[in-house]
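Student: I've just opened this one and I'm not sure how to read it. Could you walk me through some features?
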Amino acid sequence: MTSTSEPIDGLTLIDGLTSEALQAAMTEAIAAARSAAAPFGAVLLDLTDGSIVARAGNAVENGDPTAHAEMRVLRTMNRLSTPAAQYALASTAEPCPMCTAAAVFAGVGAIYYGTSIATLIALGWPQLDLPARELTSNVVPASYAPVVVGGVREAECDTLYTHRADAALAQQLARARDPRPPGHHALTPYLAVPDVHEAIAYYQAAFDARELLLVHAAENIVYHAEIVIPSIRDTVIALHEDLPGTARARPPQTIDGTTVTLTLWVNDVDAAFSRAITAGGCVDSPPENTYWGTRMARFRCPAGHGWTLAHQLLEVSSADQNLGAQAHLAAHPLTSLAGKSGSHMLVSGSS
């Protein structure tokens, strides 16, 4: 591609790209970098009208090591209808080899960046020392390679990494002190199941769970597994098979029941319940509205664990919950509570 407009800072502009559009794109990229935990920002620029299609900052602190700013904006291209070559990637720093390769395979027309990989390395930022232009020079056929132009507002971009290098190091150290593995919340349910593979298949069908980890103690024994359920804020659930003689929990079938129920808050209890049962779950109680203001349903997964699906419909005071609990117990007496004071059913809290 050739230049048809005035260069910015002496840099070549490809067809359709104006100095004003590139300036605006870099302003947005710098803003995204300043708001990110690690100061890297990028935008996707439409060369036909100079509009910014997507903007993102680096987000690897959320547990996804591929969530570089460039990768995040490139992932938006699947919803675009115009040819990929009509878009340019602009970033505050030279894209790493992963991001450059992604831009090549996405088919963007150009890559513009501010700070070079060489400068990042000199400032102490961990990098793969493979410049974007060197990588794209090996694209076959060469016509598929995007134009790569560095040094856009370089001095301004350099300050992002010069002034924030110490802060970024402090953040890395803080993350190193975080006791949680990447992607985990403070509490991780650890479920004993008869067969991990069958359990994962069920949770995939019922909850769209995704397998993260599978560790075998022997060929036919899964010692540890992890799944993530996106619908509950990417909650990780750990699984293991029955290991008699160890300190680990036993599957519910071995104790003829379970002492724990997992509550999952959902938007549509009835739909989630239907899906869980269709996938192979066992009904404990169908969806109903409760006296404490929640619509809920209970079921057991094939592994035997109890699950409650719930949706809060309204706030109910503790006084009204007490009245409701007493009325419910009167209508449905439990022999195991015979002789016990009704105060055992009281709900504490402010009304």
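Tutor: Sure, let's start at a helix end. Helix H3 is followed by Gly-107, whose phi is positive, near 90 degrees. Keep in mind that this is a predicted model.

Student: What is the secondary structure of the whole protein chain?

Tutor: The protein chain comes to 10 helices and 13 strands. Buried residues make up 41% of its 351 residues. As for contacts between residues at least 6 apart in sequence, 55% of them join residues at least 24 apart.

Student: Back to H3, then. Which of its residues are buried?

Tutor: H3 runs over residues 97-106, and Pro-97, Cys-99, Thr-100, Ala-103 and Val-104 are buried there. They cover an arc of only 165 degrees around the axis, so they sit on the same side of H3.

Student: What do the buried residues of H3 pack against?

Tutor: Two helices and two strands: helix H2 (69-74), strand E3 (87-93), strand E4 (110-115) and helix H5 (132-136).

Student: Can we look at that contact with H5 from the other side? Where is Thr-136, and is Thr-136 buried or exposed?

Tutor: Thr-136 is in helix H5, and at 7% relative accessibility it counts as buried. Leaving aside neighbours within four places in sequence, Thr-136 is in contact with Thr-100, Val-104, Ala-145, Pro-146 and Val-148. Thr-100 and Val-104 are names you've met already, as buried residues of H3. The side chain of Thr-136 also reaches the backbone oxygen of Arg-133, at 3.1 Å.

Student: I noticed Cys-99 in the H3 list. How many disulfides does the structure hold?

Tutor: General idea to begin with: a disulfide is a covalent bond between the sulfur atoms of two cysteines. This structure holds zero of them.

Student: Why is there no bond at Cys-99?

Tutor: Check the distance against the cut-off, which is 2.5 Å between the sulfur atoms. For Cys-99, the closest cysteine sulfur is in Cys-96, and it is 3.7 Å away, so that is too far for a bond. Cys-99 itself has 0% relative accessibility and counts as buried. Cys-301 is buried as well, at 4% relative accessibility.

Student: Let me try another helix. Which residues of H9 are buried?

Tutor: H9 covers residues 269-278, and its buried residues are Val-269, Ala-272, Phe-273 and Ala-276. Seen down the axis of H9, they fall within an arc of 100 degrees, so they line one face of the helix. These residues pack against helix H8 (196-207) and three strands: E11 (282-289), E12 (294-300) and E13 (306-312).

Student: And what is there at the two ends of H9?

Tutor: At the start, a side-chain oxygen of Asp-268 reaches to within 3.2 Å of the backbone nitrogen of Asp-270. Just after H9 comes Gly-280, with a positive phi of about 130 degrees. Compare that with Gly-107 after H3, where phi is positive too.

Student: Now for the rings. How many aromatic pairs are there?

Tutor: A pair of aromatic rings is described by the distance of the centres and the angle of the planes. The structure holds 10 aromatic pairs. Take Tyr-291 and Trp-292: their ring centres are 4.7 Å apart and their planes are at 85 degrees, so this pair is edge-to-face. Tyr-291 is partly exposed, with a relative accessible area of 32%, and Trp-292 is partly exposed at 27%.

Student: What about Phe-299 and Trp-307: are they stacked or edge-to-face?

Tutor: Their planes are at 10 degrees and their ring centres 6.4 Å apart, so the pair is stacked. Phe-299 counts as buried at 0% relative accessibility, and Trp-307 counts as buried at 3%. Both belong to one aromatic cluster, together with Tyr-202, Tyr-203 and Phe-207.

Student: Which charged residue sits over the ring of Tyr-223?

Tutor: That's Arg-248, whose charged end is 3.9 Å from the centre of the ring.

Student: One last stop: is Ala-118 buried or exposed?

Tutor: Ala-118 counts as exposed, at 54% relative accessibility. You'll find Ala-118 in helix H4 (residues 117-122). Its C-alpha atom is separated by 7.3 Å from that of Asp-129, 11 residues apart along the chain.

Technical notes. Residues numbered from 1 in each chain as written. Predicted model: local features only at pLDDT ≥ 70, side-chain atom pairs only at ≥ 80, totals over all residues. Heavy atoms only, no water. Buried < 20%, exposed > 50% of the residue type's maximum accessible area, 1.4 Å probe, protein only. Helix = DSSP H or I, 4+ residues; strand = E, 2+ residues; numbered from the N terminus. Arc of directions from axis to C-beta. Contact = heavy atoms within 4.5 Å. Polar contact = N/O pair within 3.5 Å; in protein donor to acceptor, adjacent residues only side chain to side chain. Phe/Tyr/Trp six-rings, centres within 6.5 Å; stacked < 30°, edge-to-face > 60°. Lys NZ or Arg CZ within 6 Å of the ring centre and 35° of its normal.
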